[in-house]
Amino acid sequence: MRTQICIIGGGPSGLLLAQLLHRVGIASVVLERRSRAHVLGRIRAGVLEWGSVELLRLAGVGARMDAQGHVHEGIYLASRNKGFRIDFKKLTGKSVMVWGQTEVTRDLYEARDAAGDPVICGVEGVAPHDLDSDAPYVTYTLDGAEHRIDCDFVAGCDGFHGPSRQAIPAEVLREYERVYPFGWLGILSETPPVSDELIYANHERGFALCSMRSDQLSRHYLQVPLGDRVEAWTDSAFWEELRRRIPTESAEALVTGPSVEKSIAPLRSFVAEPMRWGRLFLVGDAAHIVPPTGAKGLNLAFSDVHYLHDGLTRHYQGDSRALDSYSERALARVWKSERFSWSMTTMLHRFPDGGGFAQKMQDSELAYLEQSTAAQTALAENYVGLPF
Ligand code: APR
Ligand code: PHB
């Protein structure tokens, strides 16, 4: 088989890239290790920057999002049993869209089907070859049969644990990482959200976040120690702890119910440079990870897709400058989102070795935010998404 772009990974990055390329007549093939059901069963992010909203509309998959998603014009930050609101719309003129990654991924899979380019799921042993030549190719097996795809370029959209980043020579690759000394215990419940907007709570017992997916589906998180096992957390223990960490007014309004999903995720900041090596481009989690505090993971993946889609489109029109600067352009925005996600995580979580001074720093940062329009504007413009 031959195509223009071989895309490794059928998650949000690979799917959106394929769909945007298709709309400008660039052919691609998406190789996905898991089944579609497995990919669609993942419970991940829920907040879209406005740039991501516009990208999904450009890709022709914005209809359900526009009909069923919720536009949010602000968030609440809470500490010491009281909260204050950051008004994105007033401060930046922009909003965010609350629309689950699961729904985004569902729409993208269906768009691939409709385009007659179904994702090839269930592949094994995917391996890129000759990336430093002008004739790269990718091999894989499916149902025991060996396959080869010859292509012009390979998009490594295969997430943090995929093979693409490993294909970059160790002497070329530079990695930057911070692992946080805690995790997030997340619960999905068929209950109404506790608030009309998200609540990020700093508490002496640990961070808590009240989010949502719809009017009848809530998503909440608790900071937990690294060694915690999800089996040790009953639903009632979760709800009881959440009530302790959010302001009393919200705790009293909280409607609890059985969890439909419950899991613990570790938190890390990670960036791999460069995001290009020869004919290989790294996209999304294959190149970077952010702690979820800034709601940037999915949005940063879409940011990369924006730059790569732009570069490839111009390349096939005869101008390769944007493609040649993909890594620099993408990384410039990646590092700004990494900084924001790190700063939100540092401000809102209880660090085991933090001590009194760190606590005082958090208290003063939150007090400054509450009082300063300039500080709130800085947070708001990062949260809604910096320009591409
Ligand atoms: N062969 C084929 N597919 C693979 C391989 C492989 N060897 N390894 C991984 N994959 C697939 C995974 O099964 C997954 O579906 O690549 C896809 C990568 O998707 P994500 O990990 O979701 O990464 P990305 O598409 O960059 O999206 C980033 O998704 O997971 C969230 O928190 C993340 O919000 C962020 C967003
Ligand atoms: C979510 O709804 O899953 C969510 C929202 C905001 C975050 C992280 C996760 O910062």
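## Exercises on two ligand shells and their surroundings

Ala-295 sits in the loop that runs between strand S20 (288–289) and H9. Helices and strands here are DSSP runs, numbered from the N terminus (helices: H or I, at least four residues; strands: E, at least two).

Before you start: this is a predicted model in which local features need pLDDT of at least 70 and side-chain atom pairs count only at pLDDT 80 or more, while totals for chains, interfaces and linings use all residues. Residues are numbered from 1 along each chain as its sequence is written, chains are lettered from A and ligands numbered from 1 in the order in which they are written, and side-chain values use heavy atoms, with hydrogens and water left out.

### Exercise 1. Backbone geometry in loops

Find what is notable about the backbone at Ala-295, at Asp-143 and between Glu-273 and Pro-274.

**Solution.**

Step 1. Start with Ala-295: its phi is positive, about 55°, although the residue is not a glycine.

Step 2. Turn to Asp-143, another residue that is not a glycine and has a positive phi of about 55°. Asp-143 belongs to the loop between strand S10 (137–142) and strand S11 (145–150). Its relative accessible area is 75%, so Asp-143 is exposed (buried means under 20% relative accessible area, exposed over 50%, partly exposed in between, with a 1.4 Å probe and protein chains only).

Step 3. Now check omega: at about -10°, the peptide bond joining Glu-273 and Pro-274 is cis. Pro-274 is found in the loop between strand S17 (259–273) and strand S18 (276–277).

### Exercise 2. The shell around ligand 1

Work out which residues come closest to ligand 1, and which elements supply at least two residues of its shell.

**Solution.**

Step 1. Collect the neighbours: there are 22 residues around ligand 1, and the closest are Ser-13, Glu-32, Arg-42, Arg-44 and Asp-285. A residue is near a molecule if one of its heavy atoms lies within 4 Å of it.

Step 2. Look for polar contacts (pairs of N or O atoms within 3.5 Å; within protein, one must be able to donate a hydrogen and the other to accept it, and residues adjacent in sequence count only if both atoms are side-chain atoms). From the backbone, a polar atom of Pro-12 is 3.3 Å from an oxygen atom of ligand 1, and an N or O atom of Arg-33 is 3.1 Å from a nitrogen atom of the ligand. From a side chain, a polar atom of Gln-101 lies 3.0 Å from an oxygen atom of ligand 1.

Step 3. Consider the cover: ligand 1 exposes 700 Å² when taken alone, and the protein buries 89% of that. These areas come from the Shrake-Rupley method with a 1.4 Å probe; for residues, only the protein chains shown count as cover.

Step 4. Assign the elements: helix H1 (12–22), strand S2 (28–32) and helix H9 (297–316) each give at least two residues to the shell. H9 makes the largest contribution, three residues.

Step 5. Sort by type: the shell of ligand 1 holds seven nonpolar, eight polar and seven charged residues. In this scheme Ala, Val, Leu, Ile, Met, Phe, Trp, Tyr, Cys and Pro are nonpolar, Asp, Glu, Lys and Arg are charged, and the others, Gly among them, are polar.

### Exercise 3. The shell around ligand 2

Repeat the analysis for ligand 2 and find which residues come nearest.

**Solution.**

Step 1. Of 14 surrounding residues, the nearest are Tyr-200, Ser-211, Arg-213, Tyr-221 and Pro-292.

Step 2. Side-chain N or O atoms come 2.6 Å from an oxygen atom of ligand 2 in the case of Ser-211 and also 2.6 Å in the case of Tyr-221. A polar backbone atom of Pro-292 is 2.7 Å from an oxygen atom of the ligand.

Step 3. Taken alone, ligand 2 exposes 280 Å², of which the protein buries 97%.

Step 4. Strand S15 (208–214) and strand S16 (217–224) are the elements giving two or more residues to this shell, and S15 gives the most, three residues.

Step 5. By type, the shell of ligand 2 has eight nonpolar, three polar and three charged residues.

### Exercise 4. A pair far apart in sequence

How far apart are Thr-373 and Asp-87 in sequence and in space?

**Solution.**

Step 1. Place Thr-373: this residue is in helix H13 (residues 373–383) and, because its relative accessibility is 53%, counts as exposed.

Step 2. Compare the separations: Thr-373 and Asp-87 are 286 residues apart in sequence and, C-alpha to C-alpha, 9.9 Å apart in space.
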